[in-house]
Amino acid sequence: MSACLFCKIVAGEIPATKLYEDEDMLAFKDIDPQRPVHVLLVPKKHITSLASLAAEDALLVGKMLAKTNDIARAAGSLGGFRLIINTGEIGQQEVQHLHMHILGGPQPVGPMVKKH
Ligand code: AMP
Ligand code: ZN
């Protein structure tokens, strides 16, 4: 069993509110939303971060990016969204499994700034 939190969510070992899923990726609601719409989009394959992305992962990440608009709209952010990928220590990445924060809401949203 993986020790990685998001691998456990992908495997169904930890519950999450899923918004989109296919063979490559899973989108679910952030447990501590910072905006009215706050969705996390993760690859099913464990990739630690953008810093460990391999050339062979480019198609996968491209597929994820291509889904973000539909996921944001389905979550209720109709007029656009922000996409944030925290990377490494300086980027204050807390979960060591690549994830895209999709942030939005009915009104324009400011940039996500860490609370700590
Ligand atoms: P980051 O700081 O970029 O690594 O973001 C990690 C995100 O994961 C934070 O926004 C957390 O609120 C979120 N998170 C942590 N645990 C869970 C969980 N069990 N289900 C959904 N989101 C989570
Ligand atoms: Zn993982």
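Here are some questions and answers about this predicted model, with the reasoning behind each label.

Q: Why is the site of the zinc ion (ligand 2) called tetrahedral?
A: The zinc ion (ligand 2) has 4 donor atoms, with angles of 104 to 118 degrees among them. Four donors count as tetrahedral if all angles lie between 85 and 135 degrees, so this site earns the name. For comparison, the ideal angle for four tetrahedral donors is 109.5 degrees.

Q: What makes Cys4, Cys7, His46 and His97 donor residues of the zinc ion (ligand 2)?
A: Cys4 and Cys7 each offer their SG atom, while His46 and His97 each offer ND1, at 2.0 to 2.3 Å. A donor has to be an N, O or S atom within 2.8 Å of the metal, so these four atoms qualify. Along the sequence, the spacing of the donor residues reads C-x2-C-x38-H-x50-H.

Q: How do you know whether Cys4 and Cys7 are buried or exposed?
A: Cys4 has a relative accessible area of 12%, and Cys7 has one of 15%. Buried means under 20%, so both cysteines are buried.

Q: Why is Asn69 called partly exposed?
A: The relative accessible area of Asn69 is 39%. That value lies between the 20% limit for buried and the 50% limit for exposed, so Asn69 is partly exposed. You will find Asn69 in helix α2, which covers residues 58-74. From Asn69 to Ser2 there are 67 residues in sequence and 30 Å in space, C-alpha to C-alpha.

Q: How do you know that β1 and β2 pair?
A: Strand β1 (residues 18-21) and β2 are joined by 3 bridges. Two strands pair if there are at least two bridges between them, so β1 and β2 pair. They run antiparallel, and a hairpin of 3 residues links them. Lys18, for example, has Phe28 in β2 as its bridge partner.

Q: Which strands does β3 pair with, and how do you know?
A: β3 shares 5 bridges with β2 and 5 bridges with β5. The requirement is at least two, so β3 pairs with both strands. Each pair runs antiparallel. On the β2 side, Leu26 stands opposite Val42 in β3; on the β5 side, Leu41 is partnered by Met100.

Q: What makes β4 a partner of β5?
A: Strand β4 (residues 82-84) is joined to β5 by 3 bridges, in antiparallel fashion. At least two bridges are needed, so β4 and β5 pair. Arg82 has Leu103 in β5 as its bridge partner.

Q: What makes β5 a strand with both faces covered?
A: In a regular strand the side chains alternate between the two faces of the sheet. On one side of β5 are Met100, Ile102 and Gly104, and on the other are His101 and Leu103; all are buried. Strand β5 spans residues 100-104, and 5 of its 5 residues are buried. β2 is also mostly covered, with 4 of its 5 residues buried.

Q: What makes up the lining of the largest pocket?
A: The largest pocket holds about 510 Å³ of space. Its lining has 25 residues, and Asp30, Ile31, Asp32, Leu40 and Glu94 lie nearest its centre. Elements giving two or more residues to this lining are α1 (5-10), β2 (25-29) and β3 (37-43). The largest share, 3 residues, comes from α1. By kind, the lining residues are 12 nonpolar, 7 polar and 6 charged.

Conventions: Residues are numbered from 1 along each chain as its sequence is written. Chains are lettered from A and ligands numbered from 1 in the order in which they are written. This is a predicted model: local features need pLDDT of at least 70, side-chain atom pairs count only at pLDDT 80 or more; totals for chains, interfaces and linings use all residues. Side-chain values use heavy atoms; hydrogens and water are left out. Buried means under 20% relative accessible area, exposed over 50%, partly exposed in between (1.4 Å probe, protein chains only). Donors are N, O and S atoms within 2.8 Å of the metal (3.2 Å for Na, K and Ca); water is not among the atoms, so sites may look incomplete. Four donors count as tetrahedral if all angles lie between 85 and 135 degrees; four count as square planar and six as octahedral if opposite donors are over 155 degrees apart and all others between 65 and 115; anything else is irregular. On a 1 Å grid over the protein atoms alone, a cavity is a set of points where a 1.4 Å probe fits but cannot get out, and a pocket is an open set with protein on both sides within 12 Å along at least five of seven lines; lining residues have an atom within 4 Å of a point. Grid points are joined across faces, edges and corners, and a volume is the space filled by probe spheres set on the points. Ala, Val, Leu, Ile, Met, Phe, Trp, Tyr, Cys and Pro count as nonpolar, Asp, Glu, Lys and Arg as charged, and the others, Gly among them, as polar.
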